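Work through the exercises below with the sequence and the model open. Each task is followed by a stepwise solution.

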Amino acid sequence: MKVLHACAELAPLLKTGGLADVTAALPKAELLEGIDVRLIIPGFPAIYAGIPHTDFIAEVNTFAGHVALRYGQYQGVGIYIIDAPYLYDRQGSPYHDNYLNDYHDNYRRFALLGWMACELACGIDPFWRAEIIHAHDWHAGMTCAYLAAKCYPAKAIFTIHNLAFHGMFDASHLRELWIPEHFYQIYGLEFYGQISYLKAGLFYADQITTVSPSYANEITQDYQGYGFEGLLRDRRDNMRFSGILNGVDQTIWHPNTDTHLITHYSSDHITGKVKNKTALQSEVGLPIDKNILLFAVVSRLTYQKGLDLLVDALTTLIEQDGQLVLLGCGESWLEARFRYLAEQYPQHIAIRLGYDEMLAHRIIAGADVMIIPSRFEPCGLTQLYGLAYGTLPLVRFTGGLADTVADCSLENLEQGIANGFVFYECDSRQLSFAIARAFALWRNPILWKKVQHYAMQQDFSWRTIAKAYIALYQHIIDY
Ligand code: ADP
């Protein structure tokens, strides 16, 4: 079975969030299961920097002019790179400039990703032809429309990593993109008078998945479907839409091998975690004391992540003499709030604004609790990393967070299935109560260790997940 992943990010080379972790981990896991898997990605500078040796495969005429396809290897996976410097040779984010303005030609840049992915099902590489194309998020959604326009030379699977991003563009671009005119309709690409690359994926893929069962359910409801809920319900009712939970790439995220930690540790030899904790306190300038409960946030600072709720709930943390280390970047008003709080309470709060992969590892290893108060969360990876590192997640009950974290309620503790702290409503008082519950458990070290041990034993490896995707590929080939 020949499978091609089409995506715009690939960790650690180019990453703005969890999507990159998935597009790096899933192909590797599928390879280990014996699948002939490759990936296609635009030739962003970070991709060429990480894959310096590439071979020319072919040049093809497209709506964006003559475009070359190159091929290299990264971590054992074959990578096709779309060589169109006039579209992709821009530093920083793949989607916007340094002032967070979306690039005006994103409609071309990401339609080209779809076009070139489709070419790989049509024989542009004489020695490798995709049978399944697995497209990720709106960036690769047009792959499914081009496959449909060419009568499906390969089967298409589309994964929603976040339904909040619709890839909306002016309908006047359609002709330029070599899409048949009749695709512009409600049963097609049209979405409220524009074209949506997300809808291209949702409508034209043979199969849709999203990254957790709960999120799959939530986005079929009016309150979280952004207007796509009807289409998603329809596809679900026809057995074309399901949720498959993301996992943890243990070659990168395991406390016993993580190259970014000062000391390794495991569930059976947990003492190393304390050394990581005091080293982290020292690094970020907080009082060094292993007995202080240390909370952490590693996140995009956006409305989705609910961190404004944390701003209001921090009194509980400060009053109970806890500490918070926050690493994140995003909306300036949230950055300013946390900067102010760190200045007011330097004994309790330390922040690092920006994106720092290595520090993220050290924080997740050194902290005691990961706070993830998201308004919605398709899957979430930081709670899974927290579990693997014995850093108990404190989460709002939504999407993948609801699927992976069980509260330290008395009944869950009794059954031995508690692995974190859960609150339900989008409300800072509820978050405060959850923080208070974390302090209560912390005061009982034997119980804390028991919960921590259970959390670290849980299996979120990509192996099982890869098998689930492969079963789905087989299902759509057989269909
Ligand atoms: P999302 O994809 O919505 O941003 P996820 O929890 O699925 O959220 O994935 C976030 C990923 O990005 C994790 O690997 C996390 O460690 C990483 N991350 C988020 N913010 C930062 C940051 N400021 N610095 C380093 N890594 C970060």
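**Exercise 1.** Find the polar contacts between side chains and the ligand, then state how much of the ligand is covered.

Solution. Start with tyrosine 355: an N or O atom in its side chain is 3.5 Å from a nitrogen atom of the ligand. A polar contact here is a pair of N or O atoms within 3.5 Å. Next, take the surface: the ligand alone exposes 570 Å², and the protein buries 93% of that (Shrake-Rupley method, 1.4 Å probe). Then add lysine 15, with a polar side-chain atom 2.8 Å from a ligand oxygen. Aspartate 21 also places a side-chain N or O atom 2.8 Å from an oxygen atom of the ligand.

The model is predicted: local features need pLDDT of at least 70, side-chain atom pairs count only at pLDDT 80 or more, and totals for chains, interfaces and linings use all residues. Residues are numbered from 1 along each chain as its sequence is written, and side-chain values use heavy atoms, without hydrogens and water.

**Exercise 2.** Describe the shell around the ligand and place it relative to the domains.

Solution. First, count: 20 residues surround the ligand, each with a heavy atom within 4 Å of it. Second, assign elements: strand 13 (294-301) is among those that supply at least two residues, and strand 13 gives the most, 3 residues (strands are DSSP E runs of at least two residues, numbered from the N terminus). Third, domain 1 (2-247 + 462-478) and domain 2 (271-457) both contribute to the shell, so the ligand lies between them; the bounds come from an automatic or database domain assignment.

Note on methods: Polar contact = N/O pair within 3.5 Å; in protein donor to acceptor, adjacent residues only side chain to side chain. Helix = DSSP H or I, 4+ residues; strand = E, 2+ residues; numbered from the N terminus.
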